[in-house]
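Me: I would like to learn how to read the strands, sheets and helix contacts of a model such as this one. Could we go through it slowly, feature by feature?

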Amino acid sequence: MTAYIIRRLLQMIPTMLGVVLLLFVLFNWVGGDPAYILAGKVFSEAQIANIRYQLGIDRPAYVQIGIFLKQIITADFGASWSTQEPVSDILKTRLGPSLTVLLPLLVLGTLLAIALSLVVARFRRSLTDRMVMIACTVGMSISILVYIIIFQYVFAYRLAWFPIQGWSDSLWTNLTTFAALPILIGLCVGLAPDLRLFRSFMLDEVEQDYVRTARAKGLTEKRILWIHVLRNASIPIVTYVMAALPGLLVGALLIERFFSIPGIGREVLLAVERSDFPVIKAITVYVAIATMFANLAADLIYKAVDPRVELK
Amino acid sequence: MRQTHDSSVPETIPEKSGNGFWALAWLRFRDDRVGVVSIIFVAAFFIIVFLSALGAVASDWNKEVGIHDAPPDLWGLLTPVPPPEAMGNAAQRVAQTIKTAQHGEALLPSTVVDPLAETLAQLQGERMEGAFPESRVVDPLAETLRELGAEGMVLSAVEEKNAAKRTSLPFGGDRWGRDVLTKTIKGSQISITVGLSAALLATLLGTLLGALAGYYGGRTDDVLNWAYSVFNAIPYLLLILAVAAVLQQRGVMTVILILGLTGWTGVFRLIRAEYLKHRGREYVQAARAFGVPDRRILFLHILPNVSHVALVKVSLLAVGFIKAEVILSFLGFGVAVDEVSWGSMLNDAYQELILGRWWELAAAGGAMALFVTVFSLLTDAMRDALDPKIRETS
Amino acid sequence: MTTSANTAKLTLFSVEQLSVAFRRRWQAPFLAVRELTFTIHEDETVALVGESGSGKSVTALAMMGLLPKDSADIPEVSRIVYQGCDLLRYTDEERRRLRGTDMAMIFQEPMTSLNPVFTIGYQIAEVLRLHKGMSAVASKARCIELLDEVGLPEPRRALARYPSQLSGGQQQRAMIAMALACTPRLLIADEPTTALDVTVQKQIVELLKTLKARHRMSILFISHDLALVGELADRIVVMRHGEMREEGSADQIFSSPQNRYTQALLQCRPQLGDVPSRLPVIDDFMVEATPRQTPAAFGGTPFEKGAKRKQGEGKAPPLLEVDRLRKSFFKREGLWRRYEIPAVKEASFTLRRGETLGIVGESGSGKTTLGLTLLRLHQATGGAVHFDGQNILSLSEEAFMTYRRRMQIVFQNPYASLNPRFTVGQSLIEPILLHKMASGRKAATSLAFDWLHRVGLDRDAFDKYPHEFSGGQRQRVALARALAVEPELLICDEPVSALDVSVQAQILNLLKDLQGQLGVSYLFISHDLAVVRYLCDAVMVMRDGEVVEINDVDSLYRHPQSVYTQQLLAAVPRGRGQPA
């Protein structure tokens, strides 16, 4: 077990180097000279040369990659190009609001989808099942933008049940007031795809031999679904949820933007709009690290819930 | 060591089959009513896309044929109700909103009495800033333009020429008086083309790499897996936004390349697993025992056996990419300013909705929902006919 | 046909006019079971015997009430009577209450039939808590008792084990313990030993016999293997295509089978004792049977005695000499350590031209790995393989190409050994052209037709896809494909294990005929001692990667030297009235 974790941690190093290399190529070669972006509209050659010296991009590639690695290890990416705020501060202050929206959303969404998928699995291959699945397909086909626009317009702007946007310093106010509509939207958007996926997990299990055994034992259908099937289906569900976790952090950017929630996602958008490379790079690197740890955690949980798995 | 199962129902193959896998799949597909209906709708969409690409329809989507914010009449089925504000004011209102946003004043038109007015104004201001591609920092002209209130002027100028324009349009008109119907057709063409092309690109790339990794294993697999884990470590949306941030160029080709070159990982994993599975199958072992060259085994023996997986994956990806393109274009990182897609339409529509003009939102959102729905239903039917085991994640 | 011995016993279950139809697409419903009538008395073992598709499992599921509601129909006239009540009139809830208490069932694949994420103890206790309302403590004590009874070692520790931590035989024991939890009146065992090795099969059968005697319960034993059934059944019901062909006491079925199909089943199966030169096939008994598949060209009347194998007379030159061949797989453990899992340990043997060497072993013995390593489909870890004097392990891939033609292989699973997207013609022509057995497509096509004919298939097979054939026919295609390049050595990796008994006989005869015509040498890998005895000149017994014993076939079967070989031979089911 320990050996497994250590080996997985070691395996992260080449992956991380790959991410660094990818970002380096992307920001230094594909996108053209960052100095011109930083210099803005009015610049002289001397200014450009100065900026290039400061950024270190006049030096050989390996030195620059070295600088990048040092930035990652020391968690010091310098200051934002547009706001001059230290990048590390930006990350620290933006994480809280993001999690305030995402954690309740994740927990509620997953539980809701599991419960509904069990109900649907009971009616598998019936007309009800088919109708629910088609409804899910329609629900998934509507752009998340349309959901946000309409929900914001109807519930916040027209009916004024929720504030249109905003954020406060109090966690409670945020949860009950400002994050409520975003979470509701997130639930509506996420339910259909999750339900479809979880249902397919359940149906995979329903067709297994052990379900036939459970019936031969005389168990009730309810117990078969809620104990035997659910316990097995929880394995792919946990894996899926864990793998989706880091992506969510960024994926909620539209919601954060529409509702002016000062989270990571909104910061990404702002940085992309302002070509604020240090912020993008830092967020990408840390989200990548978070992803790798989430994957490791997913595998460990996988091991915990599935006795067949041997981590070697 | 295993005996065959005592299968309760023998394989159901219709009499007089004499056909291969695809013919049988077609028979199964034909039996699926939802699938058949959806394929008709998808075909209709493709015809429109094709005609639009040829320039036969919607080539003049950019022409301002109606008055500003012309209301929809659905060819006379709907009595057009002009919005409460006077028609002609639209341009000035937009200009005013921009100005309001610039000067931070909460000046809303008096028609809207709303306790949340202040917040709304802020919202609009922010929206404007983010929405107009011209307003982005990288554009050196943006600031100057805005200072001059040029947009308002341009709009007013256009408006003067508009005396003879139509007062209502089938699906309504947008803020510049462009026909929402033709705009939707053109937008559909762009969005669908982008989604499908990018999906094709990603699938080709993923299939090729996945085949090599899965079949050869060893070093090849290690290297390709490394590339996979690198791409996979960065959440997809973040990756395409990062690429969009460095690529200053906007346009259809750029979006296709961004989506296609970053989106191959899911296909890679799936196809790699398939090749891994088939490599161990007896028919591949038999081919190897004959000394059939690797290239032949890879592409002649195994590929036809996994091609249906790739096909289903193309359509799953296409849906994902259409959604991604819509978000990118909405945010201004997608199609260029002089192009239109469902995403850029939704951006226009968002601003219009707050002023009570719902029709562009309905048209763009509805067209997308309809297409994606029928396309997804088609994919489902196709998957059921080909191999129900293919998953939609990853 | 009921025997007098049973008249004294009370009827426990009676199945009357049971029919089961499965709805399907495009076609009329599939009648899996047709008007089946039989009874099970108290304290009696009844066996349902039949080949795949005979409807025996469907019958069992119908009795348990486990058939899928949405696709299976049972007509009104059918009755399944238990304690005077027709179970088919019961509600779902009433039937559920009977399951696990009055009637229990065990299945073919113990691995997948147990829930992988719950411990053995939990799964057994679940039955006790549900049906008997036992407390956790009481149910635990009872679980230990049960596990002890079915012979699981260390029952206390076994409670906390997950199914994946047990061997196949132990899993089946756990399944039996679960089925016995509420001491049911009837235990239905659906091919309970088919997935197990022959020695384990013997143990499970013995266990079932003991338990039956102790609890005076009835057993419905379902199997394809008549000989196995003979070991424990009181009465036997023979089924084919959903219909009963014969019912009688076990003694009567074995000594004087009335039905021709029963006779065929008994005769088609090679026996350990008497070795005919040809096996009778089902057509020899049945006029109504499946279309003829052995063309006249291969003549040879059944039961043609006397054509004794040509042993001793002038030894043929060796074709394949294997010298201390080793094959290991490597697995990682810990941080850096890789440890070796030997699959084949120092195997040495010789195969002479035109002869057949049988390789016998249970699962995990390394026999399949050995075959693949000989063909260089696995890379050998050590040792040498001389083919016609040349060490083929040291050759480059290009130089080995000619040997790829000279050595060929036929696999076990006829469903996977043909490319599903190739027509039979495409599958045949590719190797013919690759090894230049014919010049040009036209000549290759006619050669392919020729081979189809030789393996007993029609011309129109050429344009068909594998899924359009039965398992036996596919195996014929695979055989044609391998032989079309005229190899000198053919490795047959369990070529008949996946086939029904009657089809097995046809393929075995075909193999024998082709060897006679072509002089090809066979390396015949099998777990089935009787089949090996029928086909081989010499036999090598393997266990855990090691060669246990190697000898010519008669000596090995008459005087097995090693204890393991003796165990293997003793475990082969013999049915009744058939001496070893």
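Reply: We can begin with a pair of residues in chain C, where C:Leu48 stands opposite C:Ile222 in S9(C). Please keep in mind throughout that this is a predicted model.

Me: Which strand joins S9(C) through five bridges, with the two running parallel?

Reply: That is strand S3 of chain C, residues 45–49, which is parallel to S9(C) and joined to S9(C) by five bridges. Strand S8 of chain C, residues 186–190, also pairs with S9(C) in the parallel sense over five bridges, and here C:Ile188 is the residue that stands opposite C:Leu220.

Me: What kind of unit do S8(C), helix H8 and S9(C) make?

Reply: Together with helix H8 of chain C, which spans residues 198–215, the strands S8(C) and S9(C) make a β-α-β unit that is right-handed.

Me: How should I read the two faces of a strand, and which residues of S9(C) lie on each side?

Reply: The general idea is that side chains in a regular strand alternate between the two faces of the sheet. In S9(C), one side carries C:Ser218, C:Leu220 and C:Ile222, while the other carries C:Ile219, C:Phe221 and C:Ser223, and all of these are buried, leaving both faces covered. Since six of the six residues of this strand, 218–223, are buried, S9(C) is largely enclosed by the rest of the structure.

Me: What is the strand order of the open sheet that contains S9(C)?

Reply: The sheet has six strands in the order S7-S8-S9-S3-S10-S11 of chain C, and its pairing is mixed. At its edges stand strand S7 (103–106) and strand S11 (243–249) of chain C, each with a single partner strand, so one side of each has no neighbour in the sheet. On average, and with direction ignored, neighbouring strands of this sheet are turned by 15° against each other.

Me: Do S10(C) and S11(C) run parallel or antiparallel?

Reply: They run antiparallel, with six bridges joining strand S10 of chain C, residues 235–240, to S11(C). Within this pairing, C:Met239 has C:Met244 in S11(C) as its bridge partner.

Me: What is the strand order in the sheet that contains S14 of chain C?

Reply: This open sheet of six strands follows the order S17-S18-S19-S14-S20-S21 in chain C, with mixed pairing. Its edge strands are S17 (407–410) and S21 (546–552) of chain C, each of which pairs on one side only. The average turn between neighbouring strands of this sheet is 15°, direction ignored. Helix H16 of chain C, residues 471–483, packs on the sheet and touches S17 and strand S18 (489–493) of chain C, and the direction of the helix makes about 175° with that of S17(C). Turning to the strand pairing, S14 (residues 356–360) and S19 (residues 521–526) of chain C run parallel and are joined by five bridges, with C:Thr356 opposite C:Tyr522 in S19(C).

Me: How many helices and strands are there in chain A?

Reply: Chain A has 14 helices and zero strands, and of its 312 residues 41% count as buried. Its C-alpha atoms fill a box of roughly 85 × 60 × 35 Å along the principal axes. Chain B, for its part, comes to 15 helices and zero strands, with 47% of its 394 residues counted as buried.

Me: How many residues of chain A are in contact with chain B?

Reply: There are 44 residues of chain A in contact with 44 residues of chain B. Several helices of chain A each supply at least two residues to the side that touches chain B, among them H6 and helix H7 (144–158), whereas H1(A) gives the most, with eight residues.

Me: How is a packed pair of helices described, and at what angle do the axes of H6 of chain A and H15 of chain B cross?

Reply: In general, two packed helices are described by the angle between their axes and the distance between the axes. Here the axes of helix H6 of chain A (residues 127–141) and helix H15 of chain B (residues 359–386) come within 8 Å and cross at roughly 135°, and the two helices are therefore oblique to each other. The crossing of H6(A) past H15(B) is right-handed. As for the residues involved, A:Thr137, A:Val138, A:Met140 and A:Ser141 in H6(A) meet B:Ala369, B:Val372, B:Thr373, B:Ser376 and B:Leu377 in H15(B).

How values were computed. Residues numbered from 1 in each chain as written. Chains lettered and ligands numbered in written order. Predicted model: local features only at pLDDT ≥ 70, side-chain atom pairs only at ≥ 80, totals over all residues. Helix = DSSP H or I, 4+ residues; strand = E, 2+ residues; numbered from the N terminus. Buried ≥ 20, exposed ≤ 12 C-beta atoms within 10 Å, placed from the backbone. Pairing = 2+ DSSP bridges. Right-handed = clockwise from strand over helix to strand, strands pointing away. Axes fitted to C-alpha atoms, helices over the stretch in contact; angles between N-to-C directions. Parallel < 35°, antiparallel > 145°, perpendicular 65-115°, else oblique. Left-handed = near helix turned anticlockwise from the far one by under 90°. Contact = placed C-beta atoms within 7 Å.
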